[in-house]
Amino acid sequence: MADRAAREIRGFLLYERVLDRAAQRALVENVRAIARAAPFLVPVTRRGTEMSVRMTSAGAFGWITDRRGYRYEPVHPSGVGWPPIPERVVALWRELVPEARPPESCLVNWYGPDARMGLHQDSDEADMAQPVVSVSLGDDALFRIGNEERGGRTESVWLRSGDVIVMGGAARRLHHGIDRIKAGTSDLLDVPGRINLTLRVVT
Ligand code: MD3
Ligand code: FE
C-alpha cells in the first residue's frame with residue numbers, strides 16, 4: 001500500500017479515508033472487545049476535574065490520568081492487562097511509519113457529542129523522536145493544531161471517519177486538541193460520537 005496521498009498541515013500528515021467502511025466497522029468491533037476487557041475510564045486531572053472524553057487502552061501500556069497525575073500503566077486500574085493492539089492498526093503503523101519502533105500503546109478515546117479535548121502537547125513518552133499515528137472513527141471532529149510553545153496562531157481541520165494522521169518530526173511536539181464533534185455526520189456507530197485510536201511508542 002505504498003504511494004498514499006497525504007495533505008501536509010504544519011508538518012503533520014493527513015491521510016484521508018484510508019480505511020473503507022468495512023475496515024472501519026471491523027475496527028469498531030475491535031474497540032468493543034477492548035472495552036469489554038478493559039472498560040472505559042473517566043479521566044480526572046490532578047486538580048480533580050473530569051475530562052469529557054472516556055478512555056481505555058490496548059498494548060503494553062495504557063495512558064491514565066487521575067489525582068496522581070498523567071502516566072502510562074502496564075495494567076488497567078481493575079488489574080487486568082490491556083488487550084493487544086488490533087492487528088489492522090499495527091499494520092497501518094508499519095505501512096505509514098516503517099522506520100519507527102513498534103507501537104507500545106493504543107489509546108482509545110471516546111467522544112460523546114459534547115466532548116472535547118483542550119490544546120495540549122503529548123509529552124509523557126520517553127522517545128519523542130518516535131511518531132504518533134491516529135485513526136478517526138464515527139462523527140467528524142474539528143482538530144486544532146498550534147505551535148510548540150503555548151499561544152500563537154492555530155489551524156483547524158475536520159477529521160472524518162477512516163482518516164489517519166501521522167505526527168512525526170517537529171510536528172510531534174505541537175500543541176493540538178479537538179474543539180468539537182459534529183454529531184450525526186457518520187452512521188458508523190450506533191450512537192452519536194467519535195472514537196479515536198492513537199498509537200504511540202512509550203519507552
Ligand atoms: C499532534 N487525541 O489522545 S489524535 C490525545 O482526536 C489526543 O482524540 C486527539 O490528542 C483525539 O493525546 C487527537 C491526533 C494526535 C495525537 C497525538 C499528537 C495529534 C497529535 C501528538 C503530537 C501532535
Ligand atoms: Fe494529544
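His120 counts as partly exposed in this predicted model, because its relative accessibility is 23%, and buried would mean under 20%. His176 falls on the other side of that cut-off: with a relative accessible area of 16%, it is buried.

What do these two histidines hold? Together with Asp122, His120 and His176 coordinate the iron ion (ligand 2). The contacts run through NE2 of His120, OD of Asp122 and NE2 of His176, at 2.0 to 2.2 Å. Along the chain, the donors follow the spacing H-x1-D-x53-H. The two histidines therefore link distant parts of the chain, being 56 residues apart. His120 sits in strand β7 (residues 117-120), while His176 belongs to strand β12 (residues 176-182).

Now look at the space around these residues. The largest pocket holds about 720 Å³ of space. Its lining counts 38 residues, and the closest to the pocket's centre are Met117, His120, Asp122, His176 and Arg200. The three residues that coordinate the iron ion (ligand 2), His120, Asp122 and His176, are thus found again in this list. Several strands each supply at least two residues of the lining, among them β5 (69-73), β9 (140-145) and β11 (164-167). Strands β7 and β12 are also on that list.

Let's turn to two helices. Helix α1 (residues 21-37) has 17 residues and reaches 25 Å from its first C-alpha to its last, close to the expected 24 Å. Which residues of each helix are buried? The table shows them side by side.

| Helix | Buried residues | Arc around the axis |
|---|---|---|
| α1 | Ala23, Gln24, Leu27, Val28, Val31, Ile34, Ala35 | 140° |
| α2 | Val89, Val90, Leu92, Trp93, Leu96 | 155° |

In α1, the buried residues cover an arc of only 140°, so they lie on the same side of the helix. The buried residues of α2 cover an arc of only 155°, which means that they too share one side of their helix. On the other side of α2, Glu87 and Arg94 are exposed.

What covers these buried sides? For α1, the cover includes β3 (54-59), α2 (87-96), β6 (105-111), β8 (132-138) and β13 (194-200). For α2, the cover includes β2 (12-15), α1, β8, β11 and β13. Each helix is thus part of the other's cover. Strand β13 also supplies at least two residues to the lining of the largest pocket, and so does β8.

Conventions. Residues numbered from 1 in each chain as written. Chains lettered and ligands numbered in written order. Predicted model: local features only at pLDDT ≥ 70, side-chain atom pairs only at ≥ 80, totals over all residues. Heavy atoms only, no water. Donors = N, O, S within 2.8 Å, 3.2 Å for Na, K, Ca; no water. Helix = DSSP H or I, 4+ residues; strand = E, 2+ residues; numbered from the N terminus. Buried < 20%, exposed > 50% of the residue type's maximum accessible area, 1.4 Å probe, protein only. Expected span 1.5 Å × (residues − 1). Arc of directions from axis to C-beta. Contact = heavy atoms within 4.5 Å. 1 Å grid on protein atoms, 1.4 Å probe; cavity = no way out; pocket = protein on both sides within 12 Å on 5 of 7 lines; lining within 4 Å. Points joined across faces, edges and corners; volume = space filled by probe spheres on them.
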